[in-house]
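User: I'd like to learn how to read the fold of a protein model, going from the whole chain down to single residues. Can you walk me through it?

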Amino acid sequence: MNFKVLCSDLDGTLLTTKSDVSDFTISEIARIKERTKVILVSARMPQSMTYLQKRLTIENQPIICYNGALVIDGTTEIFSDTINFETVESVFLLAEADNIKLGLYYNSEWYVEETSERVEKEIKYTCTEPIFRNTSETLVDWKSRNISAHKIMMMGTKASSDKIFPILVERFSEQINIYRSNDTLIELAPKSVSKLSAIQLLLKKNESLSDVISFGDNYNDTEMLQHSGVGVAVANGREAVKAIADYTALKNTEDGVAHFIKEHLI
């Protein structure tokens, strides 16, 4: 196989551990990067991706952050879209009623009210530190700066997440993308963007989606895998994602992406 662009999700896909890529993955990316652009595509914020770019020595390529809501090439912002501010306020009120905490993300800023097991995991695994502040204060600040969220992470229990998810879908599905990350986490992103839309934005005139091979594991990767020339799911991915993929690679903990590159990419 020969592709002009390789796009890969990070967590659960390219990362062998929770926070890093393996030496094998680094060597395989190094082998193909002169003829195949390697673009990292994630729900992560910028600084939790750039250290991985450096590890892979692909700092010359753009990164797709926040599921496509922010696209950066070095210090240049190529694209940015945020959730309508009034929607963010409505989600906050809804979450507050069920004692669901919010992580609010804008560009390189990450705000949470308090530490928790989930917050500590994100600090550890993404090499990023949040700003601890009441959400109401963050919203007042954002309103004064005329900015809003690239991403909202809703952190609850399984019961509270089960309860609020259908309410979110009913009330906001026409305004935002709503992803169930796991039993206790729900991610919200601007409706107009996706990993696929961001990839399309980065394609050159002589490139099309048929020139792209993509790798993923979760629901927010589905569209990207479906419309790429070849879409590859990892074995640890969601069953629904594996069902629509062209191929299934080994698990991320077994360097599935690197093995697929070694076996199939020239």
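Analyst: We'll go from overall shape to one sheet and then two helices. Keep in mind that this is a predicted model.

User: Fine. How many helices and strands does the chain have?

Analyst: There are 11 helices and 14 strands in the chain. To judge how they are packed overall, set the radius of gyration beside the globule rule: here it is 18 Å, close to the 18 Å the rule gives for 266 residues, so the chain is as compact as a globular protein of that length. The C-alpha trace spans about 55 × 35 × 35 Å along its principal axes.

User: What share of the residues is buried?

Analyst: Taking buried as under 20% relative accessible area, you get 55% of the 266 residues. On the outside, the chain exposes about 11,800 Å², and carbon and sulfur atoms supply 49% of that.

User: And what do the contacts say about sequence separation?

Analyst: Look at contacts between residues at least 6 apart in sequence: 60% of them join residues at least 24 apart.

User: How far apart are the mean positions of the positive and negative charges?

Analyst: With 29 positive and 38 negative charges, the two mean positions are 3 Å apart.

User: On to the sheet. What is the strand order in the open sheet of six strands?

Analyst: Read across the sheet, and the order is β8-β7-β6-β9-β11-β10, with mixed pairing. An edge strand pairs on one side only, and here those are β8 (131–132) and β10 (176–180). For a single pair, take β6 (residues 101–106) and β7 (residues 109–112): they run antiparallel and share three bridges. Tyr106 sits opposite Glu109 of β7.

User: Now a helix. Which residues of α3 are buried?

Analyst: In α3 (residues 47–56), they are Ser48, Met49, Tyr51, Leu52, Gln53 and Leu56. Next, ask what they pack against: α1 (10–14), α2 (23–32), β2 (37–41), β3 (63–65) and α5 (117–126). It's also worth checking the backbone where a helix stops; Thr57, just after α3, has a positive phi of about 50 degrees.

User: What covers the buried residues of α11?

Analyst: First pick them out: Gly256, Val257, Ala258, Phe260 and Ile261 are the buried residues of α11 (residues 256–264). Their cover includes β1 (5–8), α1 and α2, along with β12 (212–216), β13 (230–234) and β14 (247–249). Notice that α1 and α2 turn up here, and the buried residues of α3 pack against them too.

Conventions:
Residues are numbered from 1 along each chain as its sequence is written. This is a predicted model: local features need pLDDT of at least 70, side-chain atom pairs count only at pLDDT 80 or more; totals for chains, interfaces and linings use all residues. Side-chain values use heavy atoms; hydrogens and water are left out. Helices (H or I, at least four residues) and strands (E, at least two) are DSSP runs, numbered from the N terminus. The radius of gyration is taken over C-alpha atoms; the globule rule is 2.2 Å times the number of residues to the power 0.38. Buried means under 20% relative accessible area, exposed over 50%, partly exposed in between (1.4 Å probe, protein chains only). Contact means heavy atoms within 4.5 Å. Accessible areas come from the Shrake-Rupley method with a 1.4 Å probe; for residues, only the protein chains shown count as cover. Lys and Arg count as positive and Asp and Glu as negative; His and the chain ends are not counted. The place of a charge is taken as NZ of Lys, CZ of Arg, CG of Asp or CD of Glu. Two strands pair if DSSP finds at least two bridges between them.
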